[in-house]
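Q: Could you take a close look at one part of this model for me? Start from a single ring and work outwards.

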Amino acid sequence: MRPLRTILLALIPASLLAACAFPPENALYDQSPDIPPYMQDNFDDYVSETRDWIATHRVFLTDDHEMEIARNIPFEVRPDTPDTPDTMAADQPSRGVLFVHGLGSSPWYFHDIAVAMAKDGWLARSILLPGHGTRPGDLSLPDYDDWTGSVAHQVALLEREVDEVWLGGFSTGGNLVTSYAARNPDIDGLLLFSPGIEPGSDLLFLTPLVQYLWDWVDADLEDNVINYQSLSTKASALYYRSVTDVDDALDAKPFDRPALVTMSADDSVLDPIAMLRRFETHFTNPASRLVWYDEVNAPSDDSRIENLNSNLPDQQISSFSHLSALFSPDNPYYGAKGSFVFIENGQEDIERPADRALLWRSAWGYMEPGKYHARLTWNPYFDALIDTIGDVTN
């Protein structure tokens with residue numbers, strides 16, 4: 001998916017010339033009969049019923065349907081999961097974290113972080129926002145209340161099982177959990193990965209209007225089993241609603257509990273400098289940390305900022321992308337040797353090498369003579385990020 005700012009700049013003038021646009025003729029752009037239920041009495045039923053819904057309504061991209069289902073359903077990882085130390089098996093977790101994915105993505109975006117935190121004694125859960133996991137057309141089905149309602153309900157379920165609750169979110173999910181936590185002092189802290197609080201487009205305010213003029217912001221080839229590549233105007237309007245909601249929540253009162261924020265200075269979706277300033281002024285706890293990925297240090301005197309170099313030529317990495325912080329280099333799908341590569345990266349006029357080993361990695365749209373850059377989809381500093389999570393949460 002191309003950054004929303006780029007899409008809007010190209011599409012909005014055209015949308016003013018037409019009263020309506022039709023989606024492509026493909027089942028991917030049709031809609032399921034409804035969103036799946038999300039108000040189950042317990043997490044196990046929620047996972048089971050969501051699995052059944054996805055199995056019935058998903059437009060599959062590969063022949064491996066079970067793999068696609070597994071990477072799109074909600075999940076939890078407990079300290080006594082088989083791949084965690086035996087010494088933790090008898091311990092009932094007292095701390096829990098609920099993760100919320102971004103626009104178009106899936107719960108599996110938090111697989112690596114959830115596993116790492118479970119090994120440290122956490123009960124980690126990752127939920128599915130309504131409209132996701134099936135087909136891009138379904139992102140036009142939910143209302144904003146469905147997203148906030150699903151988050152609030154899953155927080156309540158987690159609070160039954162643990163004494164201490166943290167919320168984590170990526171991109172749009174970061175907005176949703178920040179809005180909730182800011183208004184609910186029982187939440188102990190936040191883990192925010194490229195939170196969508198400060199969008200990179202000044203035209204986003206037009207999306208509530210454009211959704212009535214144009215059905216799709218972008219319709220791309222769907223080849224990624226854990227992320228929609230296409231975006232409806234209704235979905236972009238929901239993202240805008242999350243931005244105004246989190247603005248209201250933080251403007252009413254700065255967030256005074258511990259928070260981790262990660263941000264790439266080259267993020268093509270967001271405004272990194274604006275997020276840096278927001279961290280300085282609205283995330284006030286001294287234990288909070290901002291992990292800043294850039295070739296140079298963040299332009300700030302805030303001692304809570306951790307600077308990490310994003311230009312790693314020995315690893316053929318030029319910059320960090322919007323999503324790269326979340327994934328271990330060993331991730332089987334997005335990792336350094338993973339099965340999926342974001343080849344389309346805003347440089348269609350550059351010849352792509354046939355040998356994957358010659359690819360460089362970067363944020364969307366980065367170009368450099370003599371190099372073809374695919375999207376960076378893993379974090380070379382993943383282990384350090386887990387350590388920083390431990391520092392903030394302790």
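A: Let's start at F170, which counts as buried because its relative accessibility is 4% (buried is under 20% relative accessible area, exposed over 50%, partly exposed in between, with a 1.4 Å probe and protein chains only). A quick caveat before we move on: this is a predicted model, where local features need pLDDT of at least 70, side-chain atom pairs count only at pLDDT 80 or more, and totals for chains, interfaces and linings use all residues. Residues are numbered from 1 along each chain as its sequence is written, and side-chain values use heavy atoms, leaving out hydrogens and water.

Now for the rings. For Phe, Tyr and Trp (its six-membered ring), two rings pair if their centres lie within 6.5 Å; planes under 30 degrees apart are stacked, over 60 edge-to-face, and the rest tilted. That rule gives 19 aromatic pairs here. One of them is F99 with F110, a stacked pair with 4.4 Å from centre to centre and 10° between the planes. F99 sits in strand β2 (residues 95-100), while F110 is in the loop between β2 and α4 (111-119), so this contact ties together parts that are 11 residues apart in sequence (helices, H or I with at least four residues, and strands, E with at least two, are DSSP runs numbered from the N terminus). As for accessibility, F99 counts as buried because its value is 0%, and F110 is buried at 0% too.

Back to our starting ring. F170 pairs with Y109: the ring centres are 5.5 Å apart and the planes sit at 25°, so this pair is stacked. Here the link spans a longer piece of chain: Y109 belongs to the loop between β2 and α4, F170 to strand β4 (residues 164-170), and the pair therefore ties together parts that are 61 residues apart in sequence. Y109 has 1% relative accessibility, so it is buried. Zoom out from these two rings and you get one aromatic cluster, made up of Y109, F170, F327, Y333, Y334, F340 and F342.

If you care about charges over rings, there are a couple to look at (NZ of Lys or CZ of Arg within 6 Å of the ring centre and within 35 degrees of the ring normal). R71 lies over the face of W108, 4.5 Å from the ring centre. K371 does the equivalent over W360, with 3.7 Å to the ring centre.

Next, the backbone. S171 is in the loop between β4 and α6 (172-183), and its phi is near 55°, which is positive for a residue that isn't glycine. For context, most residues other than glycine have a negative phi. S171 is also buried, because its relative accessible area is 8%. S194 is another serine with a positive phi, near 45°. You'll find S194 in the loop between β5 (189-193) and α7 (207-210), where its relative accessible area of 4% makes it buried.

One more serine is worth a look for its side chain. S288 lies in the loop between α9 (272-282) and β9 (289-294) and is buried, with 0% relative accessible area. Its side chain reaches the backbone nitrogen of A259 at 2.9 Å. That is a polar contact (N or O atoms within 3.5 Å; within protein, one must be able to donate a hydrogen and the other to accept it, and residues adjacent in sequence count only if both atoms are side-chain atoms).

Finally, have a look at R78, in the loop between β1 (75-77) and β2. R78 counts as partly exposed because its relative accessibility is 21%. The R78 side chain has polar contacts with two glutamates: 2.8 Å to the side chain of E76 and 2.6 Å to that of E161. R78 and G96 are 18 residues apart in sequence, and their C-alpha atoms are 9.3 Å apart in space.
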